[in-house]
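Visitor: Please walk me through this structure. I want the reasoning behind each label.

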There are 2 protein chains.
Amino acid sequence: MTNPTAAMLVIGDEILSGRTRDSNMYYLAGELTKHGVDLREVRVVSDDPDAITGAVQALSAAYDHVFTSGGIGPTHDDITADCIAAAFGASIDVRDDARALLEAHYARTGVELNEARLRMARIPDGATLIDNPVSTAPGFTLENVNVMAGVPAVFEAMVASVLPTITGGAPLLSQSLRIERGEGEIAATLNALAADFSDLSIGCYPFQKNGVFGASVVVRGSDGARIDAAMTRLAGELGL
Amino acid sequence: MTNPTAAMLVIGDEILSGRTRDSNMYYLAGELTKHGVDLREVRVVSDDPDAITGAVQALSAAYDHVFTSGGIGPTHDDITADCIAAAFGASIDVRDDARALLEAHYARTGVELNEARLRMARIPDGATLIDNPVSTAPGFTLENVNVMAGVPAVFEAMVASVLPTITGGAPLLSQSLRIERGEGEIAATLNALAADFSDLSIGCYPFQKNGVFGASVVVRGSDGARIDAAMTRLAGELGL
């Protein structure tokens, strides 16, 4: 019984130019881990139709679920919806259900639903809408691809809308041990531990902060008792 | 005269599990932009040999330069060097020049150069070493792939070592305008601007913070006078 797999596609020149520091990847990674979905790969591509379409096709074929972030607003550089449609050969136009959501929203707020805003109702045929409780304009799910906004508050709200529709597996559990010794000091111990607990993932992450060097050892898996056993042995062998 | 292109490969389960928030992507993106190298794609993959090797081959073939982050320490989960060697069919073993660096470093600090630490001297045949002024263990460049550490302080020092060896292009210049109106309000103006300044990249990034909604318009290119002209027209048309 293995967990479903997932990939993320972040769309946006602003990330690749270093203007914006992405936060959606970190957020999604944490949420998927809690939900028992294994995030296996992330790609960041620019606002380029071929790059987006190619990445969507590759990731959709390779993983159970794909989550995209960015490029579904009202401006000329918001091309994600059309690229997703193209990736699956689906037709796309302003759709009545999405238009009705926007009409109600803008009527409430007294703002004109102009041509640019109407672009946000362009939804591929066959897609399911993803609820956006923050700013109304919906995301959508087409095949196994969940298309969401890039603005962090909206992205996070859409993740909350879509995750309950996805069957998760066993949440990934982890324990960590902070060790103020060099990685090279503990590597042999970890090697042996990893060999004897091959059902667990054992990672070693060096740190250096305020002049203190060391490593955090993180043991991950879905069986809490096995993780306990590995951590107990590790602490014992290191005399901690 | 177009700028050289680049991709980044971040290697590490700790990013995909949401344990660690990556900072190397944001750092490298900014440095490459200043140096006139266009970062076109980033991938994050797990500590899995096939995933690493496949991504390196794909990115190396598609872009002028590749930069990797993570997986070159002394522990069992540090498999990047061997995967890079495999990706290019190069042999790999402890190399004398890298071993000499480590021997001198550990002799100075009175620490034993044990078998685990010696793993950090595993360098593919034909690779050039990348200087590590922080903690000595070197990175390396093989073909067009620059292999660097994941610890941010070390990664950043290695980027500083390797960037001067890469011929950059025109630095990407940008100007931005913060507009406290909805994206939908300014989209038509931006559409027309993007059409008339097709040599520039014009991005629109919505924000919502402390109850204030709006958008930042960012105009990017290598010709400062053209950027000035676009910004002047934009401000005029929006009455700013």
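Guide: Start with the yardstick. Copies are superposed by least squares on the C-alpha atoms of residues with pLDDT of at least 70 in both. This is a predicted model.

Visitor: How do you know what rotation relates chain A and chain B?
Guide: Superposing chain A on chain B takes a rotation of 180 degrees, with 0.0 Å of shift along its axis. The RMSD is 0.0 Å. The two copies are thus related as by a two-fold rotation axis. In chain A, A:Arg43 has the C-alpha nearest the axis, 2.2 Å from it.

Visitor: What makes you say that the copies meet through the same surface?
Guide: Residues are in contact if their C-beta atoms lie within 7 Å. By that test, 100% of the interface residues of chain A are also interface residues in chain B, so the copies share one contact surface. Chain A gives 47 residues to the contact and chain B gives 47 residues.

Visitor: Which elements of chain A supply at least two residues each to that side?
Guide: Among them are helix H2 (24-35), strand S2 (38-45), helix H8 (183-196) and strand S10 (201-209). The side of chain A that touches chain B holds 21 nonpolar, 15 polar and 11 charged residues.

Visitor: Why are S2(A) and strand S2 of chain B called paired?
Guide: Pairing needs at least two bridges. These strands have 5 bridges, in the antiparallel sense, so they count as a pair. One of the bridges joins A:Val45 to B:Glu41.

Visitor: What makes strand S3 of chain A largely enclosed?
Guide: A residue is buried if 20 or more other C-beta atoms lie within 10 Å of its own. In S3(A), residues 65-69, 5 of the 5 residues are buried, so the rest of the structure largely encloses the strand.

Visitor: How do you know that both faces of S3(A) are covered?
Guide: In a regular strand the side chains alternate between the two faces of the sheet. On one side of S3(A) lie A:His65, A:Phe67 and A:Ser69, and on the other A:Val66 and A:Thr68; all are buried.

Visitor: Which strands of chain A pair with S3(A)?
Guide: Strand S1 (residues 5-11) pairs with S3(A) in the parallel sense over 5 bridges. There, A:Met8 has A:Phe67 as its bridge partner. Strand S8 (residues 145-148) also runs parallel to S3(A), with 4 bridges. A:Thr68 is partnered by A:Val147 in S8(A).

Visitor: What are the domains of chain A?
Guide: The domain assignment gives domain 1 (5-165) and domain 2 (173-237). Their centres, taken over C-alpha atoms, are 37 Å apart.

Conventions:
Residues are numbered from 1 along each chain as its sequence is written. Chains are lettered from A and ligands numbered from 1 in the order in which they are written. This is a predicted model: local features need pLDDT of at least 70, side-chain atom pairs count only at pLDDT 80 or more; totals for chains, interfaces and linings use all residues. Domain bounds come from an automatic or database domain assignment. Two residues are in contact if their C-beta atoms, placed from the backbone, lie within 7 Å. Ala, Val, Leu, Ile, Met, Phe, Trp, Tyr, Cys and Pro count as nonpolar, Asp, Glu, Lys and Arg as charged, and the others, Gly among them, as polar. A residue is buried if 20 or more other C-beta atoms lie within 10 Å of its own, exposed if 12 or fewer, and partly exposed in between; C-beta atoms are placed from the backbone.
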